[in-house]
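Here is a short briefing on a metal site and a pocket. Please look over the structure first.

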Amino acid sequence: MPLTMDTLVSLSKRRGFVFQSSEIYGGTGSVWDYGPLGVELKQNIKRLWWRDFVQMRPDMVGIDAAILMHPNVWRASGHVEQFTDPMVDCRECQHRFRADHVDARPWLHFCPATKGNKFEIAAGEACPRCGARRTLCPDCGKGELTTARNFNLMFKTFMGPVEDDAAVTYLRPETAQAMFVNFENVLQSMRLKLPFGIAQAGRSFRNEITPGNFIFRTREFEQMEIEYFVNPHETVEGRPADEYWHDRWIADCMAWFRRYGLSEGNLRLREHEKDELAHYAKRTLDIEYRFPIGWSELMGIANRTDYDLKQHAKFSGKTLTYFDEERKEHVVPYVIEPAAGVDRALLAFLAEAYQEEEVRGEKRVVLRFHPELAPVKVAVLPLLKKREEIVKTAHGIRSELARHWRVVYDDTAAIGRLYRRQDEVGTPYCVTVDVQTVGDSEKGEQGDQRVTIRDRDSMQQVRVPMRELVPVFQELLTGGDWAAVAGRFGTAAAAAAG
Ligand SMILES: [Zn+2]
Ligand SMILES: [Zn+2]
């Protein structure tokens, strides 16, 4: 059965990944809160992105800019003028529609040919009884629609104590502009040479008219953006530097998503047609993912030329150039912009990880997260919670491992149930402490000081000396092979139902 968004929404709520914002007050429109497991997953995504694209690369640096910026930033960027949708309102029910979408909705019709009975008529079709076409509001079928007016998608607010026009500012609709505005500061303070990039992860806000599809399109969201500056006069491997680096970033971003689990068949590139390109963009590609709602944009990678730096130079009156030592000239760098949404990436990883399978006649739900993404890395489970020695040992293991990873202790059900719970949230490994581990002091029996590690994906178990747990998990959680570890210690006969 194909995975539906409803399945992910309900799992997310049940297991603490994502909650509707302000749910006890009836919720806020298309705003979501990340719960205890969601925040771990989200932080892992951002941490890996930062590690792979900033920390590991000699040509990248990061910033963390304020959400509130000078209002002229948004004049220079074009957002004040152009970041708008044409909207119409119903004079009766006050519902608001995008003018260019209104005809694509089914419409409510009180048909005069049937004494005003109410019908819903499919989008774009005429009433089969009276032949009328939609002229009124599609939602209530009664109100006239206003003429289209442009509605800006930025959240407006006021800076300072006076709520007048001079104090208007905006919650940023994207993180990118902070990299352009700080271009000179970063260049000078870090003594950078082209090509180099500036990265930032942070919140952005868009007052979307038609948000929806869970965390796919929301009014408050998080972005991971890179502005990669190149010298347009240089060539790399016989090609203009901007074109070369654009292709490199496309390949690197695709490889990144595959590395953390998105499968080849669920990823594709989509080249923007000439007529959908922003006027300043030389070329733009989207990486699309096959979400439960169908193929949709996961991230975009644009060649924005020198447009942004030139705009900010014009509006600020400052010089935003780079001195090319070799050619002895000032140049305005071109910029390649790989822009990803954290929430969308999380949704893609969640959808990809979700699997239902049958194990010994029972349904098992398992999230096959890459170990570096998994919100919880290890669960420590006592086989018998009435044996003090077992419980004490299990708590000790949890606190030792917790110095390195997110680790949980759970003794609130029988072992088979505990395993299933961890499968359902994608915990790659469980550690079980049993009688053999601790022995029986009353009978004078020594424990073997070994515990069972159980692998989420294969459900195999190995018995490992307790003192080796940290190095073993260091290996397993950074891409180490389960089969290699199992080979070294020997798989244990399943003591308890896996
Ligand atoms: Zn209406
Ligand atoms: Zn009719």
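The notes below cover the zinc site, then the largest pocket.

This is a predicted model, in which local features need pLDDT of at least 70, side-chain atom pairs count only at pLDDT 80 or more, and totals for chains, interfaces and linings use all residues. Residues are numbered from 1 along each chain as written, ligands are numbered from 1 in the order written, and side-chain values use heavy atoms, without hydrogens or water.

**Zinc site**

- Cys90, Cys93, Cys137 and Cys140 each give an SG donor to the zinc ion (ligand 1), at 2.3 to 2.4 Å. Donors are N, O and S atoms within 2.8 Å of the metal (3.2 Å for Na, K and Ca).
- The site is tetrahedral, with angles of 104 to 117° among the four donor atoms; four donors earn that label if all angles lie between 85 and 135 degrees.
- Along the chain, the donors follow the spacing C-x2-C-x43-C-x2-C.
- Cysteine 90 sits in the loop between β4 (84-89) and β5 (96-98), and cysteine 140, 50 residues apart from it, in the loop between β7 (117-121) and β8 (149-152). Strands are DSSP E runs of at least two residues, and helices are H or I runs of at least four.
- Both cysteine 90 and cysteine 140 are buried (under 20% relative accessible area, 1.4 Å probe, protein chains only).

**Largest pocket**

- The largest pocket holds about 1700 Å³ of space. A pocket is an open set of points on a 1 Å grid where a 1.4 Å probe fits, with protein on both sides within 12 Å along at least five of seven lines.
- Its lining has 48 residues, and Phe83, Glu174, Arg206, His272 and Glu297 lie nearest the centre. Lining residues have an atom within 4 Å of a point.
- β17 gives the most to this lining, with six residues.

Terms used: Four donors count as tetrahedral if all angles lie between 85 and 135 degrees; four count as square planar and six as octahedral if opposite donors are over 155 degrees apart and all others between 65 and 115; anything else is irregular. Buried means under 20% relative accessible area, exposed over 50%, partly exposed in between (1.4 Å probe, protein chains only). Grid points are joined across faces, edges and corners, and a volume is the space filled by probe spheres set on the points.
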